[in-house]
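Let's take a walk through a protein model, one piece at a time. Keep the 3D view open and turn it as you read.

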Amino acid sequence: MARSLVDLLTTHASRQPDRTAYRYLVTGDCDGEIQDISYGRLAERSRAVAAWLQERGLAGSRAMLLYPPGIEFICGYLGCLSAGVVAVPGVPPQGRSQNHRALLRMKRLIADADAKVILGGREVIAALATMSEHLPELAEITCVATEDVPDEAAGSWREPDLTADSVAFLQYTSGSTSAPRGVMVTHGNLLDNERVITERMGHTPDVIEEYDHELFVSWLPVYHDMGLIGPVLNAAYLGVTATLFSPLHFLQRPERWLTAVSRYRPHTSGGPNFAYELCLKQATPDLLDGLDLSRWKVAFNGAEPVRAATLRRFAETFAPAGFRRESLYPCYGLAEATLIVTGSSVQAPPTLADADADADADADAAATDGVGTVTGAGPGDAAAVGSGRPGPGITVVIADPERQEELPEGEVGEIWVSGGSVAKGYWRNALATRETFRATLKGREGRFLRTGDLGCLRDGELFVTGRLKDLMVIDGRNHYPQDLELSAEMSHWALRPGCTAAFSVDGGGEGEQPVVVAETAPEAAGESEKIIDLIRGAIGEAHGLPVRDVVLVHPGTIPKTSSGKIQRRASRAAYLEGTLSLVGGPATR
C-alpha cells in the first residue's frame, strides 16, 4: 500500500514511463508551443531535485517554491516530497504592481516557515539576486534554479523515511479574514484527500480508461490548494494526464479555457464562480460554433460563493456546444482540510434550496424573490446552491460554537469537519491550532476542525451561507454579506458578479449599519446614481435594511485573496480610510 505520493509516482514511472503526466500550454493556446513530461521523466527530475536537497542535509527543513506557472514547479514540489523536505509553495514577485505585495508576503512566509532553501525557475532566481536590498534574509538562504540540477543527480537519490504523519508541505492560507497561516498537510492527509476527490468526482478506473487517461484541464494557480491538490496532484495520484496553462493567460482570454476543454476533452475541469462568469462574456456565436464540450462531465465550482444565476446562464449559453447542466459541480473545501470536504453528485444537476416552488414561475417573478426584476434573470437565480455531500470518511456537522452542541438539520451554524483529510494544525502556532483543530462536540467522540464558515445541512447536503467573522448583526438580526452582495449584483447589469463587498460600520447612536462597495462596468459610468438607487432598493426590499452607503468603484479594485475571495475586512478598512478607487469622486466615510 502506498505511503505517499512519492510511492505512487515510483509505481507510475515503472508501469507507464512513457505516458504523459503533464502537458503545459506555454502561450495558453492549444495551437501554440506545448511542453510535456512523461511519468518516467517526472520521476527522474523529481529524484534529481530530491538528491540535491538530501546531499545538502536539508531533509526535514522547509523549501520555499517560487516558480512561474509550468511543469518545473511540479518537479520541484515532488522533488521536495521525495527528499523528505517540507515544500512551501509561494508566489514569485512579478510586475511592478505586484512587487510590493508579493515581496511582503514572501518575507512573511520565509520568516514564518524558517525556510532554508528557495527553489525556483531560472528567471525567478536571477531576479531574487537583485533584491538583496528588499530581502536581506536571502543572504542566509540557498537559492537554486532546479532546471540547473543535472539529471545524473537522480542516481544518488535515497528513498525518504516517510510516515502518514510526516508533514508534506505547508499550505499558507489566502487570508480572507486573517494573516496567512501555514497549514501543516501531512502525507497521510494528501493521500486521504486524493482518495476523496477520486470518489466524489467519479474518477473510476473505467472512466480513466474511457477518457484514455485525459482527465484534467486546469489554469488554476498551483500555489493555491484548489489548483495544486485538485488537477495537479490528483493526476499524480491516479497516473493520468493533466493539461495546464497559466492563470494570466486565462484572465487575458477566458475562452482559452473552453478551447482547451474542447480540444483535449477532459473529464474534469473547473474554477471559482467568477471564471464561469468571465467565460459567459466571451460567448460569441463564433466561439460556440467551434466548441465541443460534450465530454466535460465535472465542471467543479468552488473557493467562493457559487451563484445559481451563473450556473443557469452557463448551462443555457453553452448547451449548443454540448455542455450539460448535470456537469455543473458545486463543491466546498478549505486548506485546513487539505482541500475537498463536500462535492456534488456526478451526473446530477446542482441542488437549489427553495427553488422548486419557483421553477414554473415566469422569469421576472421568480428572479425577483424580493430583489427586483432583472433583465435576463431566470427561475431560482437567487436560490442557495448546495455544495454536495461529504466525501467518504469525512464527517460534517453544523455546530453552535459557543454551546459546542450539534444543531438540527436545516439550522444555520458553524461548519465543523473531522476525518483523515483534516490537517495536522498550523505551523508553529499552538494557540491557533488548539482553537481551530481541536474543537469538541457534546455527544460525539473525537476532535473537529472549526472552519469559520457558516452553513446548514438539508437532506445531508451542505449549504454554505457565509463566514462567521463576516456575519453582520443589525438591529438584533443576523445578515450574511453574501446575501446582500447577491441582491446588489442582481439589481443592474453593470454590477460585476463576485465583485461586491458588503460589511457593516458603526452608525453612532444608530448602531451597526450596512455599506455596499461594488465594482461597475466602465460603460455604465453615467448611470451611477441610478445604480446606487437600485442597490438601495433591492437590499431594502429583500432584506428590510436601509443601506448607510453605496460606493461604486473601478473594476479590479476590490481587495481579494489569491483564490478570488472578497476580502471584506480589507474593503471595510479601505472604505473607512478613504482609499477606495471611486467611480466619479472621493470615498465617502
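Start with strand β11 (residues 268-271), which pairs with strand β12 (residues 298-301) in the parallel sense over four bridges. Two strands count as paired if DSSP finds at least two bridges between them. Helices (H or I, at least four residues) and strands (E, at least two) are DSSP runs, numbered from the N terminus. Pick out Gly 270 in β11: its bridge partner in β12 is Phe 300.

Before going on, a word about what you're looking at. This is a predicted model, where local features need pLDDT of at least 70 and side-chain atom pairs count only at pLDDT 80 or more, while totals for chains, interfaces and linings use all residues. Residues are numbered from 1 along each chain as its sequence is written, and side-chain values use heavy atoms, with hydrogens and water left out.

How confident is the predictor? pLDDT is its confidence in each residue, from 0 to 100. The chain averages a pLDDT of 89, and 92% of the residues score at least 70. Residues 355-376 are another story: pLDDT stays under 50 there, and the model has 30 contacts beyond four places in sequence for this stretch. A contact means heavy atoms within 4.5 Å. Where pLDDT is low, the predicted coordinates should not be read in detail.

**Strands**

Back to β11. Which way do its residues point? Thr 268 and Gly 270 point one way, Ser 269 and Gly 271 point the other way, and all are buried. Buried means under 20% relative accessible area, exposed means over 50%, and partly exposed is in between (1.4 Å probe, protein chains only). In a regular strand the side chains alternate between the two faces of the sheet.

Now find strand β1 (residues 20-25), where five of the six residues are buried. β1 has pairings with β2 (residues 34-38), antiparallel with five bridges, and with β10 (residues 241-245), parallel with four bridges. To see this in the model, look for Tyr 22 and its bridge partner in β2, Ile 37. Then try Arg 23, whose bridge partner in β10 is Thr 243.

Further along the chain there's an open sheet of five strands in the order β19-β18-β20-β21-β22, with antiparallel pairing. Which strands sit at its edges? They are β19 (405-406) and β22 (461-467), each pairing on one side only. Strand β21 (residues 449-458) is joined to β22 by six bridges, and Leu 457 has Leu 462 as its bridge partner in β22.

**Four arginines**

Here are four arginines to click on, with where they sit and how covered they are.

| Residue | Place | Relative accessibility |
|---|---|---|
| Arg 256 | helix α10 (residues 255-264) | 10%, buried |
| Arg 265 | loop between α10 and β11 | 29%, partly exposed |
| Arg 307 | loop between β12 and α13 (308-318) | 10%, buried |
| Arg 428 | loop between β20 (413-418) and α15 (430-437) | 55%, exposed |

What does Arg 256 touch? Leaving aside residues up to four places away in sequence, it touches Thr 27, Gly 28, Asp 29, Phe 245 and His 249. Arg 307, with the same kind of neighbours left aside, touches Asn 273, Val 385, Gln 482, Glu 485, Leu 486 and Glu 489.

Arg 265 has a phi near 55 degrees, a positive value in a residue other than glycine. Arg 428 has a phi near 50 degrees, again positive in a residue other than glycine.

**A cavity**

Rolling a probe the size of a water molecule over the atoms shows where empty space is left. On a 1 Å grid over the protein atoms alone, a cavity is a set of points where a 1.4 Å probe fits but cannot get out, and lining residues have an atom within 4 Å of a point. Grid points are joined across faces, edges and corners, and a volume is the space filled by probe spheres set on the points.

By this rule there are two cavities of 30 Å³ or more. The second largest cavity has a volume of about 40 Å³. Its lining includes Met 64, Leu 66 and Arg 105, and α4 (96-113) and β3 (62-66) each supply at least two lining residues. The largest share, four residues, comes from α4.

Methods:
pLDDT = per-residue confidence, 0-100. 1 Å grid on protein atoms, 1.4 Å probe; cavity = no way out; pocket = protein on both sides within 12 Å on 5 of 7 lines; lining within 4 Å.
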